[in-house]
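Got your viewer open? Let's walk through this one together, stop by stop, with something to select each time.

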Amino acid sequence: VTGVQTCALPISSTYDPTMKAGAIAIGAIAAGAITWGVFSFMGQAPEPESAPEPTPEDMTSETPPTASDEPPEPINSVSAAATIQQVERQLAFHRQRFEDQGNHIDITRVASYERTLARLTGQFEHYAAADAAIAAAIETAGNQVGPLEAAMQIDFSMHRFPSVAERLAIHEQGAPLSGRVQFQRDMHANLAFALGDYDAATEVFEADVAVRRTSEHLIQLAALRAQTGHPDEADQLFVEAMENVHTDRAFQRATLELQRGLLDLQHERYAQAKEHYERANQHFEGWYLIEEHLAEILCLLDRCDESEEIYIDVISRTQSPELMASYGGILEGMGREEEAEEWRVRADARYAVLLEQFPEALGGHGLEYFLERGPAPRALELAQANAELRQDGEAYTLFAQALLQSGLAEEALAPVVALLEGPYRTPGFYEVAAEVFEANGRSEDAAEQLAARSALMTMFAAASDAPTTSADSAPVATE
């Protein structure tokens, strides 16, 4: 990999990592890259011409002025199942109206609703449908603001960062529009974060928070702090963000609890993580992403027998190869080797399909799987492609691990040393850095990394256990 930066290594990932019960070390790395894209662009809905991204907590029922009929009710539910039904009704309405009237606003909304369904269900097929819809929108309207912004958001979700940059350049060439300059600024900052340019992201995120401490601004900064050695600050920013979110915005409150749980998972505070996941489920019941993390944490708490039913249910809904592999690991731990191998074979087949269709989005997750299962050459191939695409701390950490597992210990030093020259710091990174240094006969350096990991874990535990204002009991905000 070329082009390694010293302070800005080669976010916002919208497909959250599912750690493998049979590969805790790999899971620690994945947890180090808590995925933040679920928060991106969750502010107030823009005007219809801007093609708002219809996230569950921020749907609108606005229609083009020429519409003579009314869409279904606005989307706002406290359960995933009800929200999915509401999104599907909105999607069907706008798809039909596009077929009848050919308005690009409707097909752009279809694309955004398909993306929302992907995030609500974990089914990648909705991303394919979103791609098809946004292609139709751009064919109908050209590079107008609404379709262009929706296309960027879909590309971002799928980690197609070069495409995001290309569309952003086109967006900036257009006539200045009220409110869109901020969109461009935010997109540049989120893209910098996703590509490991932590300095550039910090400059924007800190400036935004200094001007206005909205939940969106606080969440972006929290994401950055969590990946740069300040998980205590990240957690407090999440708490403050929760205080700014109205109690009827169930999806966003659930997501905040989920992210706080992932912080605890990353720092091996499993009981505390479980509490956050359970509160998340109380806010937004039945979301697969919460349930899969509950299943994972139960197993980490030596309650794997209780997680089995959850895994089977969520796999049936999502067809997630990561969960298939995780469940296989649980079965192996129970001594059910034949069943475990059956699930791993299913995971192999599903990964083959998804990696072919969505190589950028699945590259990192497939990499974690192949690091555990092999073959090593396939893991290294995916690791290099992932590092070249994303160039952030997680990608470089996984690349170092793949090099090490391939017997290339000396080559594994390069990504580790590059990360140490920048701000990226997580428990998973320190662990891999120690392994790489030890493999190269640098025992003192390895011990230094393990000491830094221990200090980070201790600091976060102390900060988390200190008395703090409860977000659940905070006054209702107006955001």
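Before we start, one definition: a helix here is a DSSP run of H or I that is at least four residues long, and helices are numbered from the N terminus. That lets us go straight to E435, which sits in helix α21, residues 427-439. Keep in mind that you are looking at a predicted model.

**Stop 1: E435**

Select E435 and turn on the surface. Is E435 buried, exposed or partly exposed? Its relative accessibility is 34%, and since the partly exposed class runs between 20% and 50%, E435 counts as partly exposed. Now add A412 to your selection. The two are 23 residues apart in sequence, and from C-alpha to C-alpha they are 9.9 Å apart in space.

**Stop 2: the whole protein**

Zoom out and switch to cartoon view. How many helices and strands are there in the protein? There are 22 helices and zero strands. Of the 479 residues, 59% are buried. The accessible surface adds up to about 17800 Å², and carbon and sulfur atoms account for 51% of that.

**Stop 3: helix α3**

Next, pick D106, which you'll find in helix α3, residues 104-121. D106 has a relative accessibility of 0%, so it is buried. Show its neighbours: leaving out residues up to four places away in sequence, D106 touches H94, R97 and F98.

Stay in α3 and move along to L120, which is found in this helix too. L120 is also buried, at 3% relative accessibility. Then select T83. It is 37 residues from L120 along the chain, yet their C-alpha atoms are separated by 8.4 Å.

**Stop 4: H159, an unusual backbone**

Here's some background for this stop and a later one. Most residues other than glycine have a negative phi, and most peptide bonds are trans.

Select H159, in the loop between α5 (145-157) and α6 (161-173). What is phi for H159? It is near 65°, a positive value in a residue other than glycine. H159 is buried too, at 2% relative accessibility.

**Stop 5: A200**

Jump to A200 in helix α8, residues 198-211. With a relative accessible area of 27%, A200 is partly exposed. Add H188 to the selection: 12 residues separate the pair in sequence, and 8.9 Å separates them in space, C-alpha to C-alpha.

**Stop 6: two helices side by side**

Colour helix α11 (residues 250-266) one way and helix α12 (residues 270-283) another. They pack at an angle of about 170°, with their axes 8 Å apart. That makes α11 roughly antiparallel to α12, because an angle over 145 degrees counts that way.

Now show side chains where the two meet. On the α11 side, look for residues including R253, E257, L258 and L262; on the α12 side, Y270, A273, H276 and Y277 are among them. What kinds of residues make up this contact? They divide into nine nonpolar, four polar and five charged.

**Stop 7: the disulfide and M334**

Search for C299 and C304 and show them as sticks. They form a disulfide, with sulfur atoms 1.8 Å apart, and the count for the structure comes to one disulfide. The torsion about the S-S bond is about 80°, so this disulfide is right-handed. C299 is buried, with a relative accessible area of 10%.

From C304, hop over to M334, in the loop between α15 (321-333) and α16 (337-357). M334 touches C304, D305 and E308, not counting residues up to four places away in sequence. The C-alpha atoms of M334 and D305 are 8.7 Å apart, while in sequence the two are 29 residues apart. M334 itself is partly exposed, at 31% relative accessible area.

**Stop 8: either end of α18**

Last stop. Find P375, in the loop between α17 (359-373) and α18 (376-390). Which form does the peptide bond from G374 to P375 take, cis or trans? It is cis, with omega near 0°.

Then move to Q391, in the loop between α18 and α19 (393-405). Q391 has a positive phi of about 60°, although it is not a glycine. Compare it with H159 from Stop 4, where phi is positive as well.

Definitions and conventions:
Residues numbered from 1 in each chain as written. Predicted model: local features only at pLDDT ≥ 70, side-chain atom pairs only at ≥ 80, totals over all residues. Heavy atoms only, no water. Axes fitted to C-alpha atoms, helices over the stretch in contact; angles between N-to-C directions. Parallel < 35°, antiparallel > 145°, perpendicular 65-115°, else oblique. Contact = heavy atoms within 4.5 Å. Nonpolar A, V, L, I, M, F, W, Y, C, P; charged D, E, K, R; others polar. Disulfide = S-S within 2.5 Å. Buried < 20%, exposed > 50% of the residue type's maximum accessible area, 1.4 Å probe, protein only. Areas by Shrake-Rupley, 256 points an atom, 1.4 Å probe, with all protein chains shown as cover.
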